[in-house]
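Visitor: I should like a close look at a single part of this model, the nonpolar core and the strands around it. Please take me through that region in one connected account.

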Amino acid sequence: MDDHFPAGFYHPERGTIFHPAPSPFGIPYRSLYSRNITNLFCAGRCHSATHAAMSATRVMATTSLMGQAAGTAAAIATAHGLTPNGVYENKLAELQNTLLEDDCYLPWHKRPVPELSIQATLTASAGDPAPLRNGIDRPIGDVDNGWTGAPGDTIEYRFEDDAQLTEARLVFDSDLNRVDTSRGHSARNMRHYFALDASHWAMPATMVNAFRVEAEDAQGRWHVVHRADNTHNRLVRIPLTGNAKAVRFIPETTWGAEQARLFAFDVR
């Protein structure tokens, strides 16, 4: 917690005190809307927080997630004719699950995995694919929650009967904890300035670049139902149509890493 004195630079002692705090911690949805103005959201640095709480929640990446939460809540409120507080009272689980589905991180919450993925048999040509349907789409502490395999390896869902498919959902490894060493020292991957001599800012090497998704028909023949390259997004949703006995994901290239990394592969 980065606690600043009101006098700032003019404070006679150090202008900041750093207090250790539990990490991570959640931000209550109720801090994002007004308690006495019926239809007003207050996301980012204007959310409801004490001076101490603001010291840990005012940073850019965190406030951007507040904006995502408020925007999603506004959409749910509009769809159901609710106030912001009505979303809290009646649709909080829908708000949380929608955010998780959109790859927003909510500490201590697991994303609901589609029933079709849970009931199917999940295998991989190399590596344990079980974490791909555990509902946690990033490393948490010492638990990786991902699958690692070489380009060309396969991850397959096989269904008991022909399944009607509507979507595949993938979450790749954008190496959220990577550091930038181009200036001779370690710095977080979100630069706050760009020097003239700074190195080119490239995609995370761990991200999958090219991949394909294939489906097996009733005669046991595999067909490519989606292929992509030059992939820049960590979260990828792929519309699917028709029935299949099985669906498999095959990474082809990464942005530089020898191994392909994946945190989620769902089908519904």
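Guide: A nonpolar core is here a set of buried Ala, Val, Leu, Ile, Met, Phe, Trp, Tyr and Cys residues joined through side-chain atoms within 4.5 Å. The model is a predicted one. Its largest nonpolar core has 28 residues, of which Leu170, Phe172, Phe211, Val247, Phe249, Leu262 and Phe265 touch the most other members. Two or more residues each come from S5, strand S6 (167–172), strand S9 (208–216), strand S11 (235–239), S12 and strand S13 (260–267). Apart from this core lies another, of 14 residues, which includes Ala69, Ala73, Ala77 and Leu106.

Leucine 262 offers a view of the packing in detail. Leaving aside neighbours within four places in sequence, leucine 262 is in contact with Leu132, Gly146, Trp147, Ile155, Leu170, Val171, Phe172 and Phe249.

Leu170 and Phe172 lead to strand S6. Six of the six residues of S6 are buried. Ala168, Leu170 and Phe172 point one way from the strand, whereas Glu167, Arg169 and Val171 point the other way, and all of them are buried. In a regular strand, side chains alternate between the two faces of the sheet.

S6 belongs to an open sheet of four strands, ordered S4-S13-S6-S11, with antiparallel pairing. Strand S4 (147–149) and S11 are the edge strands, each pairing on one side only. From one strand to the next, the twist averages 35°. S6 is joined to S11 by five bridges, the two strands running antiparallel, and S6 is likewise joined to S13 by five bridges in the antiparallel sense. Valine 171 shows both pairings: leucine 235 stands opposite in S11, and alanine 264 is the bridge partner in S13. For arginine 169, the bridge partner in S13 is aspartate 266.

The remaining strands that give two or more residues to the core, S5, S9 and S12, are found in another open sheet. That sheet has five strands in the order S3-S5-S12-S9-S10, and the pairing is antiparallel. Strand S3 (121–124) and strand S10 (222–228) stand at the edges with a single partner strand each, so one side of each is left without a neighbour in the sheet. Neighbouring strands here are turned by 25° against each other on average, direction ignored.

Within the five-stranded sheet, strand S5 (residues 155–164) pairs with strand S12 (residues 243–254) in the antiparallel sense over six bridges. Glutamine 164 is placed opposite asparagine 243 in S12, and arginine 158 is placed opposite alanine 246 in S12. S5 is also joined to S3, by four bridges and again antiparallel. There, arginine 158 of S5 is the bridge partner of threonine 121.

The other core can be set beside a helix pair, since Ala69 and Ala73 are among its members and also take part in a helix contact. The axes of helix H2 (residues 60–80) and helix H4 (residues 92–101) come within 10 Å and cross at roughly 130°, which makes H2 oblique to H4. This crossing is right-handed. H2 makes the contact through Gln68, Ala69, Thr72, Ala73, Ile76 and His80, and H4 through Glu94, Leu95, Thr98 and Leu99.

Key
Residues are numbered from 1 along each chain as its sequence is written. This is a predicted model: local features need pLDDT of at least 70, side-chain atom pairs count only at pLDDT 80 or more; totals for chains, interfaces and linings use all residues. Side-chain values use heavy atoms; hydrogens and water are left out. Two strands pair if DSSP finds at least two bridges between them. Axes are lines fitted to C-alpha atoms, for helices over the stretch in contact, and angles run from 0 to 180 degrees between N-to-C directions. Buried means under 20% relative accessible area, exposed over 50%, partly exposed in between (1.4 Å probe, protein chains only). Contact means heavy atoms within 4.5 Å. Angles under 35 degrees count as roughly parallel, over 145 as roughly antiparallel, 65 to 115 as roughly perpendicular and the rest as oblique. A crossing is left-handed if the near helix is turned anticlockwise from the far one by less than a right angle, and right-handed if clockwise.
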